[in-house]
Amino acid sequence: MESGEIAILDPRFIRGDCNFSNNIDLADPIGLASILFVGAPAPPCADACDGNDDGQLDLADVISVLEYLFIQGAAPPPPFPACGLDPTPDATACDFPRCNGVRLPARLPVTVTETPEDRPTT
Ligand SMILES: [Ca+2]
Ligand SMILES: [Ca+2]
Ligand SMILES: [Ca+2]
């Protein structure tokens, strides 16, 4: 790495893993549908939500992932099922790579506040 900045490293992702749980399940198409139709915040790695790798997020991505999950539809295009780079550069971006060998923490790191010891004053 060249600088200590929070840089875009390898934008690795698992295609279809829209919510970065490191696997693909029903929550992913639901999450994408919420983004598309309910105005949920855009995903930090839109590429992962681009389930059919056509460069845009739309209902077709929701459907393709649902088909894969429930009716043995075609598996998402690579990178899948392992983390990887998007082999087809397009307008979607992955600004928040999650898969550099690091598993998602169950929850965000919590800042530990220092508590003074309960020491009886003398
Ligand atoms: Ca997921
Ligand atoms: Ca798409
Ligand atoms: Ca692509």
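Helices are DSSP runs of at least four residues, numbered from the N terminus. The structure described here is a predicted model. In these terms, the secondary structure of the protein consists of 3 helices and 0 strands, and the order along the sequence is α-α-α. Of the 122 residues in the protein, 31% are buried. When contacts between residues at least 6 apart in sequence are considered, 66% of them join residues at least 24 apart.

The segment before α1, a helix that spans residues 27-38, contains two residues with notable backbone angles. F20 lies in this segment and has a phi near 60°, which is a positive value in a residue other than glycine. With 19 other C-beta atoms within 10 Å, F20 is partly exposed; a residue is counted as buried if 20 or more such atoms lie within that distance. N22 is also placed in the segment before α1. Its phi is positive as well, at about 70°, although N22 is not a glycine. N22 has 14 C-beta neighbours inside 10 Å and therefore counts as partly exposed, since the exposed class requires 12 or fewer.

Helix α1 presents two sides. Its buried residues are D28, P29, G31 and L32. These residues lie on the same side of α1 because they cover an arc of only 160° around the axis. On the other side of the helix, F37 and V38 are exposed. The buried residues of α1 pack against two further helices, namely α2, which comprises residues 46-49, and α3. Just after α1, the backbone passes through G39, for which phi is positive at about 80°.

The segment after α3 is distinguished by its peptide bonds. Helix α3 covers residues 59-70, and P79 is located in the segment that comes after this helix. The peptide bond from P78 to P79 is cis, with omega near 5°. P81 lies in the segment after α3 as well. The bond that leads from F80 to P81 is likewise cis, and its omega is near 0°.

Taken together, these results describe a protein with 3 helices and 0 strands, in which the buried residues of α1 pack against α2 and α3. Positive phi values occur in F20 and N22, whereas cis peptide bonds occur from P78 to P79 and from F80 to P81.

Technical notes. Residues are numbered from 1 along each chain as its sequence is written. Chains are lettered from A and ligands numbered from 1 in the order in which they are written. This is a predicted model: local features need pLDDT of at least 70, side-chain atom pairs count only at pLDDT 80 or more; totals for chains, interfaces and linings use all residues. Two residues are in contact if their C-beta atoms, placed from the backbone, lie within 7 Å. The arc is that of the directions from the helix axis to the C-beta atoms.
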